[in-house]
Every structure is written in structure tokens, then in C-alpha cells.
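Let's walk through this one together, question by question. Have the sequence and the model open as you read.

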Amino acid sequence: RRYPTAAAFAEDLDRHFAGEPIRARPIGWMGRMVKSIRRQPIVWGLAAALILAAGTGAAVWIRQLRRSLSAETRLREKQERELEVAHRRTASEPHFHRGERLLRTLRENRFRKDATAAIQDRIAREVEIAAGAALEIDPDYVEALHLRGQARMERAHRDDAAFQGAESDFSRASKLRPGFTPALYDRGRLYLYRFLELVMWD
């Protein structure tokens, strides 16, 4: 309240008409706003509704913008990963193809009388080295894992480390690509050969 009594209000009116300064304290901005709202409730209601609508719209727009930017970022990162994988694969393929050629030679030599166990063992190791070089460039190259496992399987009957290496390669290839049948098939052959060796040795 600006005036404690009606007499105080009357005194201030007299001072005002006489050109003297009044004693009442001025109304603050909050008081003026409350009076304005009381005088024009419809205008202030519309203004509040517009502010609320603008704020809601801005919040929705910012949320959509963040989602869009996040989706674009994920897409860009995915494309970059795919491009990196493609580069690694291209760089590793010469080693892989060399290993494939050596593996064919290794298998063809089975039918040759002059292909000694030492020669076969050396070729198998060369296949393993070529596949290993491909895997150093692209560790997730499933076909190279399978190729190295095949090379190790050639020596598995006389080398426990080669058996364990072949088993590890076939298992990892199957894990990276669950439907990769060649790795599953060769892992089964590996276990069968080891079982037959143990039975025949016993």
C-alpha cells in the first residue's frame, strides 16, 4: 500500500496540485505489471500464450535439429569406417591372393612323388606368413583367417601349436561371420583328424 490512511492520500493530493513533491513511494515494475494485467487480461493472456507457443516450438525445433545432426554424424562415421575397411582390404588382398596360390600348390603337391614333407611344410609356412601379412593390415579379414587356419591345419598332425593356431583361426572367423561355412567345416575336419590320430596312435 502506498498510503497508510485516507488523510495521507489527501495530503499528497494537495501537494500534487500545489506543485510540491509527493511523499508516497513510487510503484515498482512488478506493481505496474500487475495493474496492467488486471486492466487488460485478454491482451496479457494472448501474449503469454504466444510466448509459450514460441518457446515450445523452439524447444521442438532444437530437439529435431540435434537428432538430425546426430544422425548425420553417425552416418558420416559409418561411411568413414566403411571407407577405412575398404582401404585396408585393398591393401591386404595381394598378400591374401599370394597365400591362395601357395595353398593350391600345396594341395597339388599331394599327388606328386617328389613333394617331400619338408617341401610341404615350407609351403604351408609361406601360406601362413602371407595370410598373416594380410591380417596385419586387416585384422578382421575373415577369408585370410580361414586361409591361415588351413595352412596351419596342414601341419597340425605333427605340431600342437599349429593345431591350436588353426583352431583359433577357424573359431575367430566363425565369430566374425557366423554363417561362414568353410571355417565351420574345416574346424570340424580339424577335430576329426585329431581324433583319428589319437585313436590310431593309441
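A nonpolar core here is a set of buried Ala, Val, Leu, Ile, Met, Phe, Trp, Tyr and Cys residues joined through side-chain atoms within 4.5 Å. Buried means under 20% relative accessible area, exposed over 50%, and partly exposed in between, with a 1.4 Å probe and protein chains only. This is a predicted model, in which local features need pLDDT of at least 70 and side-chain atom pairs count only at pLDDT 80 or more, while totals for chains, interfaces and linings use all residues. Residues are numbered from 1 along each chain as its sequence is written, and side-chain values use heavy atoms, with hydrogens and water left out.

Q: Which helix gives the most residues to the largest nonpolar core?
A: That core has 19 residues, and Phe96, Val127, Tyr141, Ala144, Leu147 and Ala173 touch the most other members. Two or more residues come from each of helix 3 (41–108), helix 4 (117–137) and helix 5 (142–155); helices are DSSP runs of H or I with at least four residues, strands are E runs of at least two, and both are numbered from the N terminus. The top contributor, with 6 residues, is helix 4.

Q: Which residues does Val127 contact, leaving aside neighbours within four places in sequence?
A: Contact means heavy atoms within 4.5 Å. By that rule, the partners of Val127 are Gly99, Leu102, Leu103, Leu147 and Ala151.

Q: How many helices and strands does the protein have?
A: Read along the sequence, the pattern is α-α-α-α-α-α-α. The tally is therefore 7 helices and 0 strands.

Q: What radius of gyration does the protein have?
A: The C-alpha trace spans about 135 × 40 × 30 Å along its principal axes. The radius of gyration is taken over C-alpha atoms, and the globule rule is 2.2 Å times the number of residues to the power 0.38. For 202 residues, a compact globule would come out near 17 Å, but the protein has 43 Å.

Q: Is Ser174 buried or exposed?
A: Ser174 sits in helix 6 (residues 160–176). Not counting residues up to four places away in sequence, Ser174 touches Ala183 and Leu184. Because its relative accessibility is 9%, Ser174 counts as buried.

Q: Where does Arg89 find its salt-bridge partner Asp138?
A: A salt bridge is a side-chain nitrogen of Lys or Arg within 4 Å of a carboxyl oxygen of Asp or Glu, and here the closest N and O atoms are 2.8 Å apart. Asp138 is buried because its relative accessibility is 1%, whereas Arg89, at 23%, is partly exposed. The two are 49 residues apart, with Arg89 in helix 3 and Asp138 in the loop between helix 4 and helix 5.

Q: Which residues join Arg155 and Asp159 in one salt-bridge network?
A: The side chains of Asp159 and Arg155 meet at 3.1 Å, N to O. Arg155 is buried, with a relative accessible area of 4%, and Asp159 is partly exposed at 22%. Through shared partners, the network also takes in Glu128, Arg148, Arg152 and Asp169.

Q: How many salt bridges are counted in the protein?
A: One of them links Arg88 and Glu84 (3.2 Å, N to O). Both residues lie in helix 3, 4 residues apart, about one turn of the helix. The count comes to 16.
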